[in-house]
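This report looks at two helices and at the surroundings of a bound ligand. Please keep the sequence and the structure in view while reading.

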Amino acid sequence: MSGSATGPSLNKDPRRIADMFDAIAHRYDQLNRMLSVGLDRRWRRRAVEALELPSGARVLDVCTGTADLAMMAARHGSMPRSVVGVDFAAEMLALGRNKLRVTRLDNTILLARGDACRLPCLADSVDAVTMGFGIRNVVDTGAAVAEIFRVLKPGGRLALLEFGEPRLPAVRTVYLWYFRQVLPRIGRMLSKHTEAYAYLPASVSAFLAPEALAGLLRRSGFCEVRLDRLTFGVVCLYSGKKSAKA
Ligand SMILES: C[S@@+](CC[C@H](N)C(=O)[O-])C[C@H]1O[C@@H](n2cnc3c(N)ncnc32)[C@H](O)[C@@H]1O
């Protein structure tokens, strides 16, 4: 699908998505903080808490971007043994690596280039998987979920964050005005990218409804699947477990 007068292109060709994130990488963290009025940190913390990490865990952060969620996991009180962040956008990873050096987390976190649909990890090899705001961008949602299930050890947990849309009518009206009208303009101004911040609300609206994504997790083998709506449903936290008997 190509761009048109009615909205940005929702083409999720991996090269196009990687190029888009590489082009906005230099402003990505700043815009995240600003456009979420700082709430992104709270959402990531909730995701890491949902993992119920055992001590010394091996964690995989899929679609790690600039590694904020990987860093949050690495700092968890359970002292993870290692965190691997995977993403296909080289520039996002480069910025992430700088942050790891500055914060001295480069001994704990390894960032690797790779595709969510073909994770560079062995089966049953990680205790927990996180994925923050990545699943909506992946060309094959089912393949990415199946990959996450494959690499998790039996008993391992997934915590996945993705944008949603509030259901409460008054909140929904105000939020959608902000999300569809204000955010793309600020994003375009600061990132200098014409499409990326218009793609964001458009791709959220076009993505699976929260219940449908939770259903996909269940059909892919996850048990104890939970859907928690954070900040009026602006963000959904999906969590689930690979059964210990799997
Ligand atoms: C919105 S950013 C989220 C980054 C980070 N997880 C966070 O919470 O800020 C989405 C990231 O997913 C990556 N991505 C999208 N599809 C991917 C795929 N199929 N394989 C690997 N990375 C992917 C993009 O390159 C981008 O860095």
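## The shell around the ligand

A residue is counted as near the ligand if its C-beta atom, placed from the backbone, lies within 6 Å of it. In this predicted model, 22 residues surround the ligand, the closest being Cys63, Gly65, Ala89, Ala116 and Gly132. Two elements, H1 and helix H3 (68-74), give two or more residues to this shell, and H1 gives the most, with five residues. Sorted by class, the shell holds 13 nonpolar, six polar and three charged residues.

## Helix H1

Helix H1 spans residues 14-35, and although it has 22 residues, its end C-alpha atoms are only 25 Å apart, short of the 32 Å that a straight helix would reach at 1.5 Å a residue. The helix also has a kink of about 75°, centred on Ala25, and Ala25 is itself one of the buried residues of H1, together with Ile17, Phe21, Ile24, Tyr28 and Leu35.

These buried residues pack against helix H4 (90-103), helix H6 (169-191) and helix H7 (196-206). Just after H1, Val37 adopts a positive phi of about 40°.

## Helix H8

In helix H8, which covers residues 210-219, Leu213, Ala214 and Leu217 are buried. Seen down the axis of H8, the buried residues fall within an arc of 100°, so they line one face of the helix. An α-helix has 3.6 residues a turn, so residues three or four places apart point the same way.

On the other side of H8, Glu211, Ala212, Arg218 and Arg219 are exposed, whereas the buried residues pack against helix H5 (141-151), strand E6 (222-230) and strand E7 (235-242). Gly221, which follows H8, has a positive phi, near 115°.

Technical notes
Residues are numbered from 1 along each chain as its sequence is written. This is a predicted model: local features need pLDDT of at least 70, side-chain atom pairs count only at pLDDT 80 or more; totals for chains, interfaces and linings use all residues. Helices (H or I, at least four residues) and strands (E, at least two) are DSSP runs, numbered from the N terminus. The expected span of a helix is 1.5 Å times one less than its number of residues. The bend at a residue is the angle between axes fitted to the seven residues ending there and the seven starting there. A residue is buried if 20 or more other C-beta atoms lie within 10 Å of its own, exposed if 12 or fewer, and partly exposed in between; C-beta atoms are placed from the backbone. Two residues are in contact if their C-beta atoms, placed from the backbone, lie within 7 Å. Ala, Val, Leu, Ile, Met, Phe, Trp, Tyr, Cys and Pro count as nonpolar, Asp, Glu, Lys and Arg as charged, and the others, Gly among them, as polar. The arc is that of the directions from the helix axis to the C-beta atoms.
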